[in-house]
Amino acid sequence: MVASIGYAAAQAKAPLGPFSFERREPGANDVMIEIKYCGVCHSDLHQVRDEWGGSVFPMVPGHEIVGKIVKVGSAVKDFKVGETAGVGCMVDSCRSCASCAEGLEQYCEKGFTGTYGAKERTGSGITFGGYSNNIVVDRAFVLHVSDKLELSAVAPLLCAGITTYSPLRHWKVSKGQKVGIVGLGGLGHMAVKLAHAFGAKVVLFTTSDGKSEDAKRLGADEVVLSKDPAQMKKHLRSFDFILDTVSAPHDLNAYLALLKREGTMTLLGVPPAAPSLNIANLIFKRAQLAGSLIGGIKETQEMLDFCAEHGITSDVEVIPMNKINEAYERMLKSDVKYRFVIDMSTLHA
Ligand code: NAP
Ligand code: ZN
Ligand code: ZN
């Protein structure tokens with residue numbers, strides 16, 4: 001077994017603290033990574049607090065992982081010791097259903113294996129995530145990471161990046177379209193950057209008074225304070241596509257009213273409570289309300305390569321491991337610019 005150290009929550013809502021545990025010995029198809037940085041996703045917080053139900057404790061969160069490969073199994077041909085690599089939200093899937101066959105492991109019909117808090121498919125262990133010094137992952141779920149970009153700023157691409165890239169690609173966001181991004185947090189700021197890179201006219205909706213300048217620097221053409229009905233009204237029936245990244249319950253109808261005929265609004269945020277819908281907003285425009293879950297491994301590699309080629313990374317605030325509980329509190333106040341990333345060299349401090 002591999003000895004690992006990290007930070008864990010012992011039970012729902014407990015603060016995170018130091019934790020020692022073991023990972024499986026790398027097998028023939030495994031890659032072992034020494035973790036350098038791990039991003040802090042709002043999904044970590046939802047799960048540490050068991051807001052979705054079914055969380056497994058002790059929980060070592062973290063699914064925006066980058067680091068150096070320190071060991072590869074005998075059957076691994078496409079990764080080498082010393083290379084930079086990443087791991088996102090999944091570490092396994094059934095690999096035989098129709099979704100897996102299409103490279104859409106996130107929609108695995110038997111359920112993908114999450115990077116933390118999930119039952120391993122081989123063996124009886126529970127997975128532990130990236131708030132830790134190392135990880136052992138099957139090569140099929142490991143990504144190649146370019147050394148061209150600042151590594152701490154690459155980490156959030158492994159969830160926030162792919163989760164926004166995938167729907168923007170799926171709904172073919174491109175030049176000539178007007179696209180709304182709701183919420184400027186970890187996912188939202190990547191969505192602004194990527195939609196801008198794909199050539200769309202980008203409008204950012206925010207509840208925070210102070211994010212307007214940043215949003216424009218990140219690529220928004222216009223910023224709307226969503227609390228102001230007059231600003232919202234100006235955009236009625238004008239959007240081709242809206243991507244909603246908000247983590248808390250909020251009014252979807254106000255945004256559906258902004259879609260054009262046959263426009264689509266896609267939900268990414270997973271607030272703990274169900275929204276209420278005014279269906280007329282859909283029926284009278286043949287509009288669509290959709291959802292999207294992270295992205296498959298093939299598309300995650302495509303996204304990482306696209307970001308390396310275009311110099312796109314996350315805007316990060318690097319924190320030491322022992323500041324994680326404060327970071328969660330700040331995230332709840334929408335006070336994150338725009339992703340916390342843990343520097344794993346501080347784990348021993
Ligand atoms: P985050 O960094 O905390 O950003 C969320 C943003 O939502 C905030 O910055 C804020 O933006 C806005 N917001 C917060 N509370 C709000 C409220 N009460 N009303 C309206 N707006 C509010 O979170 P994140 O890491 O980007 O994650 C966002 C959500 O996506 C979470 O629910 C997470 O679990 C989910 N997620 C889903 C997937 C997927 O595959 N679908 C993947 C990863 C994460 P402003 O200050 O600009 O208003
Ligand atoms: Zn995430
Ligand atoms: Zn499958």
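A trainee and a mentor talk through the zinc sites, cysteines and one helix of this predicted model.

Mentor: Ground rules: the model is predicted, with local features needing pLDDT of at least 70, side-chain atom pairs counting only at pLDDT 80 or more, and totals for chains, interfaces and linings using all residues. Residues are numbered from 1 along each chain as its sequence is written, chains are lettered from A and ligands numbered from 1 in the order written, and side-chain values use heavy atoms, without hydrogens or water.

Trainee: What makes Cys94, Cys97, Cys100 and Cys108 donors to the zinc ion (ligand 3)?

Mentor: Their SG atoms sit at 2.3 to 2.4 Å. Donors are N, O and S atoms within 2.8 Å of the metal (3.2 Å for Na, K and Ca), and water is not among the atoms, so sites may look incomplete. Those four sulfurs therefore qualify. Along the sequence they are spaced C-x2-C-x2-C-x7-C.

Trainee: Why is the site of the zinc ion (ligand 3) called tetrahedral?

Mentor: The angles among its 4 donor atoms run from 103 to 120°. Four donors count as tetrahedral if all angles lie between 85 and 135 degrees, so the label fits. For reference, the ideal angle for four tetrahedral donors is 109.5 degrees.

Trainee: Which residues hold the zinc ion (ligand 2)?

Mentor: Cys41 (SG), His63 (NE2) and Cys159 (SG), at 2.0 to 2.2 Å. Their spacing is C-x21-H-x95-C. His63 lies in the loop between helix H1 (42-48) and strand E4 (65-72), while Cys159 is in the loop between helix H3 (151-154) and helix H4 (160-170), 96 residues apart. Helices (H or I, at least four residues) and strands (E, at least two) are DSSP runs, numbered from the N terminus.

Trainee: Why is histidine 63 called buried?

Mentor: Buried means under 20% relative accessible area (exposed is over 50%, partly exposed in between; 1.4 Å probe, protein chains only). Histidine 63 has 6%, so it counts as buried. Cysteine 159, at 5%, does too.

Trainee: How do you know that cysteine 38 is in no disulfide?

Mentor: A disulfide is a pair of cysteine sulfur atoms within 2.5 Å. The search of the whole structure finds 0, and for cysteine 38 the nearest cysteine sulfur, that of cysteine 41, is 9.7 Å away. Cysteine 38 is buried, at 0% relative accessible area.

Trainee: What makes the span of helix H5 agree with expectation?

Mentor: The expected span is 1.5 Å times one less than the number of residues. For the 12 residues of H5 (186-197) that gives 16 Å, and the end C-alpha atoms are 17 Å apart, so they agree. In H5, 10 of the 12 residues are buried, including Leu187 and Met190.

How values were computed:
Tetrahedral: all angles 85-135°; square planar, octahedral: opposite > 155°, others 65-115°.
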